[in-house]
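The following exercises concern strand pairing, helix packing and aromatic contacts in a predicted model. Please work through each task before reading its solution.

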Amino acid sequence: MAALLSLENVDVHYGAIHALRGVSFEVNEGQIVTLIGANGAGKTTTLRAVSCMLQPTSGTVRYQGQSLAGQKAHQLVARGLCHAPEGRGIFPQLTVHENLLLGAFLRRDKAGIAADAEKGFALFPRLKEREKQLAGTLSGGEQQMLAIARALMARPKLLLLDEPSLGLAPQVTETIFRIIEDINKQGVTILLVEQNAHLALGIAHQGYVLETGTVVKSGPGAELLKSPEIREAYLGE
């Protein structure tokens, strides 16, 4: 199985703060890989380093076998790497449909864009019902659905999802996670950052545990889910 994404000894600093320390891991094509850890562990920083929203101090991030050093975030979208950030980042004064179209801003194939918008609506029927509503009037769960559907409009090979369940009711969270699995089955590789370790490890092919900017444990999601250490630290058992 080929590594679509690899990080090798990646360090990131925010001024004097050493946020990531020698982070190394791989995301193989076709996988769901999850990063779990406490607040401040470096999960979001890792995603931002992958999507070139910030540059590592040292180490290498490779996507499709090529270093991302010096790349800009918008350049990666054209290469199939898309990031749905924490906080959703939707445009509240635009309609649901207009937000979706922004996800395809690099594309010129009108028929394909329209077809992909309909695929998004099929994946998230609630968005279809609210197609002409302003995005700012949607519930938190609906906004999260919109953020994911918008990212899919770029036809990603690798989708970065940052805290998709943040602030959502348990029933909505379960729906989001079922859809994440469906997206993966359709051929999209996913790197997932998630506070709900139980759900994240339950769908992940591979998991990595971050503590204070360092990978301290890794393994298949199902194995980590059974680990007494993980269950005590992250599942409250």
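**Exercise 1.** Determine which residue of E7 stands opposite histidine 83, and place the strands concerned within their sheet.

*Solution.* Step 1: the residue opposite histidine 83 is leucine 160 in E7. Step 2: E6 and E7 run parallel and are joined by four bridges. Step 3: the open sheet has six strands in the order E6-E7-E8-E3-E9-E10, and its pairing is mixed. Step 4: strand E6 (81–84) and strand E10 (214–219) each have a single partner strand, so each has one side without a neighbour in the sheet. Step 5: on average, neighbouring strands of this sheet are turned by 15 degrees against each other, direction ignored. Step 6: H1 lies across E3, E6, E7, E8 and E9, at about 150 degrees to E7.

**Exercise 2.** Describe the open sheet of four strands and the helix that packs on it.

*Solution.* Step 1: the strand order is E2-E1-E4-E5, with antiparallel pairing. Step 2: strand E2 (17–28) and strand E5 (66–67) are the edge strands, each pairing on one side only. Step 3: eight bridges connect strand E1 (residues 3–14) with E2 in the antiparallel sense; leucine 5 has valine 27 in E2 as its bridge partner. Step 4: helix H1 (residues 43–50) packs on this sheet and touches E1, E2 and strand E4 (58–63), its direction making about 115 degrees with that of E1.

**Exercise 3.** Check the length of helix H7 (residues 170–185) and establish how its buried residues are arranged around the axis.

*Solution.* Step 1: at 1.5 Å a residue, the 16 residues of H7 should span 22 Å, and the end C-alpha atoms are 23 Å apart, which agrees. Step 2: the buried residues are Val172, Thr173, Ile176, Phe177, Ile179, Ile180, Ile183 and Asn184. Step 3: seen down the axis of H7, they fall within an arc of 160 degrees and therefore line one face of the helix. Step 4: Pro170, Gln171 and Lys185, on the other side of H7, are exposed. Step 5: the elements against which the buried residues of H7 pack include helix H4 (110–123), helix H6 (140–152) and strand E8 (189–193).

**Exercise 4.** Classify the one aromatic pair of the structure.

*Solution.* Step 1: the ring centres of phenylalanine 25 and tyrosine 208 are 5.1 Å apart. Step 2: their planes stand at 40 degrees, so the pair is tilted. Step 3: phenylalanine 25 belongs to strand E2 and tyrosine 208 to strand E9 (residues 206–211), 183 residues apart, and the pair thus links distant parts of the chain. Step 4: phenylalanine 25 and tyrosine 208 are both buried.

Note on methods: Residues numbered from 1 in each chain as written. Predicted model: local features only at pLDDT ≥ 70, side-chain atom pairs only at ≥ 80, totals over all residues. Heavy atoms only, no water. Pairing = 2+ DSSP bridges. Helix = DSSP H or I, 4+ residues; strand = E, 2+ residues; numbered from the N terminus. Contact = heavy atoms within 4.5 Å. Axes fitted to C-alpha atoms, helices over the stretch in contact; angles between N-to-C directions. Expected span 1.5 Å × (residues − 1). Buried < 20%, exposed > 50% of the residue type's maximum accessible area, 1.4 Å probe, protein only. Arc of directions from axis to C-beta. Phe/Tyr/Trp six-rings, centres within 6.5 Å; stacked < 30°, edge-to-face > 60°.
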